[in-house]
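Colleague: Please give me a close look at one part of this model, the helical part. Tie it to the rest of the chain as you go, and keep the sentences short.

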Amino acid sequence: MESSFEYATLVDMNTVKIYQLKHLSSEHYQRLRTAQKKAALVWNACVALHLQARMQQTTWPGRDALQKATKGRFALHSQSVQMVTHAFLANVETTRQLRQSHPQMKMRYPYKLKQFYPVSWPAQAVSNEGKRVALPMGRGRESLVLPVELPEHSRSVTLVWNNG
């Protein structure tokens with residue numbers, strides 16, 4: 001089974017290196033897709049909490065509230081979950097700013113539920129093992145081990161989907 005997964009790693013502030021993952025086993029393929037589905041569930045939880053706060057006209061959940069609400073609920077590495085919540089909050093903040101500066105755009109806060117979302121791991125979570133990289137999936141779960149040799153000073157790894 002040939003897959004269309006790609007694997008990108010941020011090498012420095014200006015460089016992104018993309019590795020295409022071909023010839024993955026069916027098991028690896030399913031684990032990667034499942035990880036992206038779990039990341040989407042994190043995003044969806046953030047959307048629901050934010051929408052609930054807006055509807056009840058209460059304080060919007062910030063970083064700490066979202067991290068507390070998502071902690072331990074998803075089969076992902078804790079820092080991967082945090083990266084999704086940070087991306088969600090950045091999206092909310094950008095929307096807030098655009099609504100103020102360009103009301104004619106009629107920007108909406110995140111509201112669509114996602115089926116898949118890119119999974120990211122910060123550098124301290126990624127283990128280089130020669131010509132393989134190990135991506136932790138959280139306490140008590142087996143890491144994803146992929147046949148990729150990353151540059152020595154990679155800053156993060158993001159699993160993205162191409163043609164899917």
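**A close look at the helical part**

Modeller: Start with T34, which sits in helix α1. The model is a predicted one, so read every value here as computed from it. T34 counts as partly exposed because its relative accessibility is 38%, and partly exposed covers the range between the 20% limit for buried and the 50% limit for exposed. Its C-alpha atom lies 9.2 Å from that of A75, although 41 residues separate T34 and A75 along the chain.

Stay in α1 and go on to N44, another residue of that helix. N44 has a relative accessible area of 13%, so it is buried. What does N44 touch beyond its neighbours within four places in sequence? The partners are K112, L113 and K114.

Now place α1 in the whole. The chain has three helices and seven strands. Read from the N terminus, the order is β-β-α-α-α-β-β-β-β-β. Helix α1 spans residues 26-55 and is among the elements that give two or more residues to the largest nonpolar core.

That core deserves a moment. It holds 35 residues, and L76, F88, W121, L135 and L146 touch the most other members. Two or more residues each come from β2 (15-21), α1 (26-55), α3 (78-101), β3 (119-122), β5 (132-135), β6 (144-146) and β7 (156-161). The largest share, nine residues, is that of α1. As a general tendency, nonpolar side chains in soluble globular proteins are buried together.

Next, leave α1 by its following loop. Q57 is located there, between α1 and α2. Its phi is positive, near 55°, and Q57 is not a glycine. Most residues other than glycine have a negative phi. Q57 is also exposed, because its relative accessible area is 73%.

Then comes α2, residues 63-70. Which of its residues are buried? They are L66, Q67 and T70. Viewed down the helix axis, the buried residues of α2 fall within an arc of 95°, so they line one face of the helix. D64 and K68 are exposed on the other side of α2. What does the buried side meet? The buried residues of α2 pack against α1 and α3.

After α2 comes G72, with a positive phi near 75°. The loop between α2 and α3 also holds F74. Is F74 buried or exposed? F74 is buried, because its relative accessibility of 10% is under the 20% limit. Leaving out residues up to four places away in sequence, F74 touches K38, L41, V42, A45, V81 and R141. There is also a pairing in space with G138: the two C-alpha atoms are 8.9 Å apart, while F74 and G138 stand 64 residues apart in sequence.

Past α3, another loop leads to β3, and K106 is placed in it. K106 is not a glycine, yet its phi is positive, about 50°. Its relative accessible area is 68%, so K106 is exposed.

One more loop gives a contrast in burial. L150 lies between β6 and β7. Its relative accessible area is 8%, so L150 is buried. From L150 to V16 the C-alpha distance is 11 Å, across 134 residues of sequence.

Finally, set the helical part against totals for the chain. Of its 164 residues, 38% are buried. Take the contacts between residues at least 6 apart in sequence: 61% of these join residues at least 24 apart. The C-alpha atoms fill a box of roughly 50 × 35 × 30 Å along the principal axes. About 10000 Å² is exposed, and carbon and sulfur atoms supply 49% of that area. As for charge, there are 22 positive and 10 negative charges, and their mean positions lie 13 Å apart.

To recap the helical part: α1 supplies nine residues to the largest nonpolar core. The buried residues of α2 pack against both α1 and α3. In the loop after α2, F74 touches residues that include K38 and R141.

Notes:
Residues numbered from 1 in each chain as written. Predicted model: local features only at pLDDT ≥ 70, side-chain atom pairs only at ≥ 80, totals over all residues. Heavy atoms only, no water. Core = buried A, V, L, I, M, F, W, Y, C linked by side-chain atoms within 4.5 Å. Buried < 20%, exposed > 50% of the residue type's maximum accessible area, 1.4 Å probe, protein only. Helix = DSSP H or I, 4+ residues; strand = E, 2+ residues; numbered from the N terminus. Contact = heavy atoms within 4.5 Å. Areas by Shrake-Rupley, 256 points an atom, 1.4 Å probe, with all protein chains shown as cover. Lys, Arg positive; Asp, Glu negative; His and termini not counted. Charge placed at Lys NZ, Arg CZ, Asp CG, Glu CD. Arc of directions from axis to C-beta.
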